[in-house]
Amino acid sequence: MKSSLLETKSLTVRFGGLTALKEVTLECREGEILGIIGPNGAGKTTLINVVSGIYFPNGGQIVFDGKDITKLPAHMRCRAGIGRTFQTIQLVKELSASENIMVGCLFGRGLGLREARRKTQELCELLQLPRPERYLAQLTMLEIKKVELARALAMTPKLLFLDEVMAGLSINETRAMIDLVREIGSRGVTICAIEHVMMVIKDLTERVVVLDGGQIIATGPYEHVCNDPGVIDAYLGKEE
Amino acid sequence: MKHLKSALLIAILAAAICFPLYTGTYLHHTAANILIYTTLALSWDMLLRSGQISFGMSGFCGIGSYAAVMVCLNLGISPLLSIVLAGLVAGLVATLLGFAVLHLRGMYFAVVTLAVAEIFRVIVANLSVTGGTMGKLLPGAIFGGNSYGIYWLMLGILLLTIGLSELFERSRIRFALTSIRNNEIVARSTGIDIFKYLVFTFALASAIQGMVGAASAQINGFVMPESSFSLNFALLPLAMALFGGVLSTPGPVIGGVLLGIIDQVLREQIPYGHLLVYGIVLVVVVLFMPNGIVRAARVQIQRIRIQRIRPTS
């Protein structure tokens, strides 16, 4: 049994009268690839935001790597080993692709400029990103996604959140990205992926958590949750 | 190309240093005045790179000028050292203020800095130790009023500011400030301590403004609430930075020098209407070159180069 890297205990997040997460208790084990699925508004991105420190919870506890990080600010959580990508493209358009990746090396990992350049070069080679001196407007969608991923990897995360990283990619690009994520996972990075593309969840993840209305409605391997009546009713739908 | 650029920069620097040697006293003072506002324009731009707009320059200039005069009068230290100390005082005040106001963003921060500058002025105008509304008089101007020394002093402060601005551009600070300006949530998620960088930049920019205010007071030989906290210290540099182009070192510097020269020429040519023409020039530049004249010139140069490379059909 793998040890637990991330644990959320009765995590509750409210935005005014709306409860985005209601007593969510989940565990992400060291080295696993965990999938998080659910309909729009289920609280998937809120869960990432609260674990990465963008929001503070109204109740509950977050334990990462054996430490309580519930009150830790976002930049400290990043340095503790929580990396993430964003649902919508969030690269700095005034910086080139390599400079965007360098931001992760400089601040997430605390490297100096020269060392950050070298590490960026390595990451570009790993992710097969040619001509990283280009700017956002000159990159394809797959390359943009790779830069986002590289920036998160530049922080040397123990836990990597991927928020719909396959969105907007073609079938072939999606397959290439799945291989890449699997390669990252094989290097010991624990991955927590939010996805709507079920093919990705099936191919990539070892365990799936299903959220609906801010609550966990099912947990388990892909086949198990796919046949769960509650999940079919709330998210997957019945085949005609 | 790189050698040409370096040679050009060295030539400009040499010309700037030698400027007093082939001009008269009037031009020395005029140039020193232009350098004051150009330094302020660049310091304002340094904070703008984090996305924060400050209207508090007049406040920190005023604090610097009063700090310099007070330490000179009460402790008897040299005017040059008083300018350095004034910078430290302004930087310290900005650090303390930063902890309170740098949680604000956009127009809220801008309006608060404007209000704080006014609060500083009212406090100084009502304290007997600062001379109230009458201010304080120094025994004499810095360097005995020597125009060469005054010009070189202001050039030195501008060069120091240019050096700091370039250090920003070539270090991790540039990555931090650009990320913060772009998206704070992403910046925090990539490990950037936003508050630390904002406080540091605000303090450094304010320290420069304090030094400029102190130098100005030492040049004039007196401080008064109305002149030391003048809104000109906040508004003219802003216009200069916008004229030249923001978010870089060359923009505010070139904008400051050019707009300063235009102002001076207009004053001499149209004594009663120079402000009208000055305003029209500003409006035209902001309307037709919203990124400033430096970037507009760069785009034009690039276009000419591309046209030269393209084969003619």
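Colleague: What makes R29(A) and E27(A) a salt bridge?

Modeller: This is a predicted model, and in it the closest N and O atoms of R29(A) and E27(A) are 3.3 Å apart. The cut-off for a salt bridge is within 4 Å, so the pair qualifies.

Colleague: And why is E27(A) called partly exposed?

Modeller: Its relative accessible area is 27%. Buried means under 20% and exposed means over 50%, so E27(A) falls in between.

Colleague: How do you know that R118(A) and E122(A) meet in a salt bridge?

Modeller: Their side chains come to 2.4 Å, N to O, and the limit is 4 Å. Both residues lie in helix 4 of chain A, four residues apart, which is about one turn of the helix. R118(A) and E122(A) are also linked with E115(A) in a network of salt bridges.

Colleague: Are R118(A) and E122(A) buried, exposed or partly exposed?

Modeller: Partly exposed: R118(A) has a relative accessible area of 43%, and E122(A) has 36%. Both values sit between the 20% and 50% cut-offs.

Colleague: What about R134(A) and E143(A), which also form a salt bridge?

Modeller: Their closest N and O atoms are 3.0 Å apart, within the 4 Å limit. Here R134(A) and E143(A) are both buried, so each has under 20% relative accessible area.

Colleague: How many salt bridges does the structure hold over all chains?

Modeller: There are 18.

Colleague: Let's turn to chain B. Which residues gather in the patch of positive charge on the surface?

Modeller: K2(B), K5(B), R295(B) and R298(B) do. Lys and Arg count as positive, so these residues carry the right charge for the patch. Helix 1 and helix 14 of chain B each supply at least two residues of it.

Colleague: What makes R295(B) accessible enough to belong there?

Modeller: R295(B), in helix 14, has a relative accessible area of 37%. A patch residue needs over 30%, so R295(B) passes that test. The value is not over 50%, so R295(B) is called partly exposed.

Colleague: Which residues form the nonpolar patch?

Modeller: L13(B), I17(B), L21(B), Y22(B), Y148(B), W152(B) and L159(B), with about 660 Å² of accessible area together. Helix 1 and helix 6 of chain B each give two or more residues, and helix 6 provides the largest share, three residues.

Colleague: How do you know that I17(B) meets the accessibility cut-off for a patch?

Modeller: I17(B), found in helix 1, has a relative accessible area of 37%. The cut-off is over 30%, so I17(B) meets it while being partly exposed.

Note on methods
Residues numbered from 1 in each chain as written. Chains lettered and ligands numbered in written order. Predicted model: local features only at pLDDT ≥ 70, side-chain atom pairs only at ≥ 80, totals over all residues. Heavy atoms only, no water. Patch = residues over 30% accessible without salt bridge, like charges linked within 9 Å, V, L, I, M, F, W, Y side chains within 5 Å. Areas by Shrake-Rupley, 256 points an atom, 1.4 Å probe, with all protein chains shown as cover. Charge placed at Lys NZ, Arg CZ, Asp CG, Glu CD. Buried < 20%, exposed > 50% of the residue type's maximum accessible area, 1.4 Å probe, protein only.
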